[in-house]
Amino acid sequence: MTQEQDTAARVLVAGIGNLFLGDDGFGPEVVRRLARAEGMPPQARVVDYGIRGMHLAYDLLDGYDALVLVDAYPGGGAPGEVTVLRIGAEDLGTGEFDAHGMNPVAVLANLDQLGGTLPLTYLVGCPPAGVEEGIGLSETVDKAVPEAIQAVHTLVRQLVPAASLNSAEPRRP
């Protein structure tokens with residue numbers, strides 16, 4: 001995460017992953033629990049996108065100032081280790097967009113083709129222990145869910161200015 005203070009008026013918290021592939025369901029599980037919990041400001045919208053990349057892309061055209069992706073992150077580290085990364089356009093490279101799947105890099109890299117721009121973007125990720133067919137997280141990754149929820153809450157508190165927490169009108173869900 002960068003040192004400068006980033007702020008946003010509207011934040012989209014997006015859980016992504018395939019819940020039928022074990023630990024790939026990390027993102028959907030985190031946002032499912034976030035949606036049940038208290039403490040998210042009205043400026044933050046929490047959505048389980050699963051593998052619906054086109055849905056995420058179109059929602060990003062709705063004018064969000066920041067995006068917090070929650071996903072199984074195969075980028076290193078031990079399974080169950082929560083990582084928070086800031087993602088910029090230069091980190092995305094290119095990727096072929098599949099309207100029927102979810103490749104977050106491809107969705108974000110091709111957002112401009114739909115007329116949008118990449119908002120301030122963070123990833124709350126967790127390396128999977130396994131992504132074999134089956135529903136449910138491994139014990140190791142399941143134990144990381146509360147830490148990921150706390151990381152999302154921390155990011156949202158940093159992104160949403162304190163003054164707007166008290167004066168903002170609730171946004172549509």
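**Close-up views of the sheet and its helices**

**View 1. Strand β3 beside strand β5.** Strands β3 and β5 run parallel and are joined by seven bridges, in a model that is predicted. One position at which the pairing of these strands can be followed is A66, which stands opposite L120 in β5. Strand β3 itself is mostly covered, with seven of its seven residues counted as buried. The burial extends to both faces of the strand, since A66, V68, V70 and A72 on one side and L67, L69 and D71 on the other are all buried. As a general point, the side chains of a regular strand alternate between the two faces of the sheet.

**View 2. The sheet as a whole.** Five strands form an open sheet in the order β2-β1-β3-β5-β4, and the pairing within the sheet is mixed. The edge positions are taken by β2 (residues 44-50) and β4 (residues 83-87), each of which has a single partner strand, so that one side of each is left without a neighbour in the sheet. From one strand to the next, the twist averages 20°. For orientation within the protein chain, the secondary structure comes to seven helices and five strands, and the elements follow one another from the N terminus as β-α-β-α-β-β-α-α-β-α-α-α.

**View 3. Strand β1 and its two partners.** Strand β1 (residues 11-16) pairs with β2 in the parallel sense over six bridges, and β1 is also joined to β3, again in parallel, by five bridges. Residue A14 is a useful landmark here, as A14 stands opposite V47 in β2 and has L69 as its bridge partner in β3. Further along β1, I16 stands opposite G50 in β2. Because six of the six residues of β1 are buried, this strand is largely enclosed by the rest of the structure. Both of its faces are covered, with V11, V13 and G15 buried on one side and L12, A14 and I16 buried on the other.

**View 4. Helices α1 and α6 against the sheet.** Helix α1 packs on the sheet, where it touches β1, β2, β3 (residues 66-72) and β5 (residues 120-126), and the direction of α1 makes about 130° with that of β1. Helix α6, for its part, lies across β1, β2, β3, β4 and β5, and it runs at about 165° to β5.

**View 5. The crossing of α1 and α6.** The axes of α1 (residues 26-36) and α6 come within 10 Å of one another and cross at roughly 65°, which makes α1 roughly perpendicular to α6. The crossing by which α1 passes α6 is right-handed. On the α1 side, the contact is made by F26, E29, V30, R33 and L34, which meet V145, P146, A148, I149, V152 and H153 in α6. Sorted by character, the residues of this contact comprise eight nonpolar, one polar and two charged.

**View 6. The surroundings of H153.** Is H153, a residue of the contact between α1 and α6, buried or exposed? Residue H153 is found in helix α6, which spans residues 145-159, and its relative accessibility of 11% lies under the 20% limit, which is why H153 counts as buried. Leaving aside residues up to four places away in sequence, H153 touches L34, E38, G39 and M40. Of these, L34 belongs to the part of α1 that meets α6.

**View 7. G115 in the loop before β5.** Residue G115 lies in the loop between α4 (residues 104-109) and β5. With a relative accessibility of 66%, which is over the 50% limit, G115 counts as exposed. Although G115 and Y58 are 57 residues apart along the chain, their C-alpha atoms are separated by 9.8 Å. For the protein chain overall, buried residues make up 45% of the 173 residues. Among contacts between residues at least 6 apart in sequence, 82% join residues at least 24 apart.

Conventions
Residues numbered from 1 in each chain as written. Predicted model: local features only at pLDDT ≥ 70, side-chain atom pairs only at ≥ 80, totals over all residues. Heavy atoms only, no water. Helix = DSSP H or I, 4+ residues; strand = E, 2+ residues; numbered from the N terminus. Buried < 20%, exposed > 50% of the residue type's maximum accessible area, 1.4 Å probe, protein only. Contact = heavy atoms within 4.5 Å. Axes fitted to C-alpha atoms, helices over the stretch in contact; angles between N-to-C directions. Parallel < 35°, antiparallel > 145°, perpendicular 65-115°, else oblique. Left-handed = near helix turned anticlockwise from the far one by under 90°. Nonpolar A, V, L, I, M, F, W, Y, C, P; charged D, E, K, R; others polar. Pairing = 2+ DSSP bridges.
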